[in-house]
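Trainee: I'd like to go through a few spots in this model with you. Could we take them one at a time?

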Amino acid sequence: MGDPVLLVAGLGRCGTSLVMQMLDAAGVPVAGQSPAYEDIPVSVRFVDLDWLDRQRGRAVKWIDPVNAKIVNPEDWRYRVIFLSRDAQQQALSQMKLLGLSGDRALRRIWRAKIERDRTRALRIVDRLCGAHGTLHLRFEDLITHPVSSADRIARFCDAHGFPFGNTFCAAGKVLPRHPACAPDMRIDLALMRCADARAVAQ
Amino acid sequence: MRVPISEILQGVSAESGVPLEDLLGRCRLQGLVRARQVAYLLAREQGYSLPRIGRALGGRDHTTVLQGVQGVARAAANDPELFRLIEVVRARVTGDTDARAGALRRLQAAPPEMLARVADVLEARNG
């Protein structure tokens, strides 16, 4: 049995790129190029298994697990970081990316699809590696508490054979939000500033 | 969420080879001015106000920024190199090009009623 593949999974616009950037910053080998990590051979329906075979020991972005199927041969091991986000916000973000914002009926359909797909995606991920091999993260926690989120990712990665470097480097990939949007983030930013100061002092 | 102007400046500097201090400086050599104007344009695309962009780029007047945005947009239409520079920096700072391509690809797998509604919205938008 070879090295596992670390899949960063979720539906579009829920922070998968951000987690890939955090892993990259912490020295975990990743597939694809920053900032989006989507220059990889994934069709609408399947992730290329031969290509995936060459990514053992790396983190791979896996958007839309419901449609982009991953085959699971017996001798394969996967670990998954699964991201979720408030469905309404996610629908708005996906529609904005595609230049489709503004239509309420479409937003309702879009949101319903996200909720449906997320339930199915969670079932797929559960079948793929079970509860012990999955880390569940919320996008909202990621952006408001970057340090503690990076710490959770670090502990998960370390436990599953993906050595994770500096947690603060990883957390630094989260861009500061205005306090009005994310009041709790001030605490995490203060922690990061302390870590920077310590690094400079050393 | 808006990309910070500092990141746009770093992106322009890295892709155009113009040092950051020259982007913020007063030198009016054509190559430097063009790179500066690319930064104006991308910052404007992110929704920053003209005075805000002017302040961030070395305290320039908002009319200078406006003229720069219009000038570089016109020039890019006839200059493939400049057009490519804008595209590359835009992709670098927003990361949206790959993400958008992926989102469009995934939209193919959407249920028919959703695709029909998307088509209606696009049709209404395009008149």
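**Three local sites**

Mentor: Let us start with a contact, keeping in mind that this is a predicted model: the side chain of A:Arg85 reaches the backbone oxygen of A:Arg13, at 2.8 Å.

Trainee: Where does A:Arg85 lie in chain A?

Mentor: A:Arg85 sits in the loop between β3 (78-84) and α3 (87-97) of chain A.

Trainee: And which side chain of opposite charge is nearest to A:Arg85?

Mentor: That is A:Glu140, which is 4.7 Å away, and A:Arg85 has no salt bridge although it is buried. Setting aside residues up to four places away in sequence, A:Arg85 touches several residues, including A:Cys14, A:Gln90, A:Phe139 and A:Glu140.

Trainee: Switching to chain B, which residues of α6(B) are buried?

Mentor: They are B:Leu82, B:Leu85, B:Ile86, B:Val89 and B:Val93. These residues cover an arc of only 95° around the axis, so they lie on the same side of α6(B).

Trainee: What do the buried residues of α6(B) pack against?

Mentor: They pack against α1 (5-16), α3 (30-45) and α5 (62-78) of chain B. At the start of α6(B), moreover, a side-chain oxygen of B:Asp79 comes to within 3.1 Å of the backbone nitrogen of B:Glu81.

Trainee: Last one: which residues is A:Ala25 in contact with, leaving aside neighbours within four places in sequence?

Mentor: A:Ala25, which belongs to helix α1 (residues 16-25) of chain A, is in contact with A:Cys169, A:Ala170 and A:Lys173. A:Ala25 and A:Ala170 are 145 residues apart in sequence, yet 5.3 Å apart in space, C-alpha to C-alpha.

Notes
Residues are numbered from 1 along each chain as its sequence is written. Chains are lettered from A and ligands numbered from 1 in the order in which they are written. This is a predicted model: local features need pLDDT of at least 70, side-chain atom pairs count only at pLDDT 80 or more; totals for chains, interfaces and linings use all residues. Side-chain values use heavy atoms; hydrogens and water are left out. Helices (H or I, at least four residues) and strands (E, at least two) are DSSP runs, numbered from the N terminus. Buried means under 20% relative accessible area, exposed over 50%, partly exposed in between (1.4 Å probe, protein chains only). Lys and Arg count as positive and Asp and Glu as negative; His and the chain ends are not counted. A salt bridge is a side-chain nitrogen of Lys or Arg within 4 Å of a carboxyl oxygen of Asp or Glu. A polar contact is a pair of N or O atoms within 3.5 Å; within protein, one must be able to donate a hydrogen and the other to accept it, and residues adjacent in sequence count only if both atoms are side-chain atoms. Contact means heavy atoms within 4.5 Å. The arc is that of the directions from the helix axis to the C-beta atoms.
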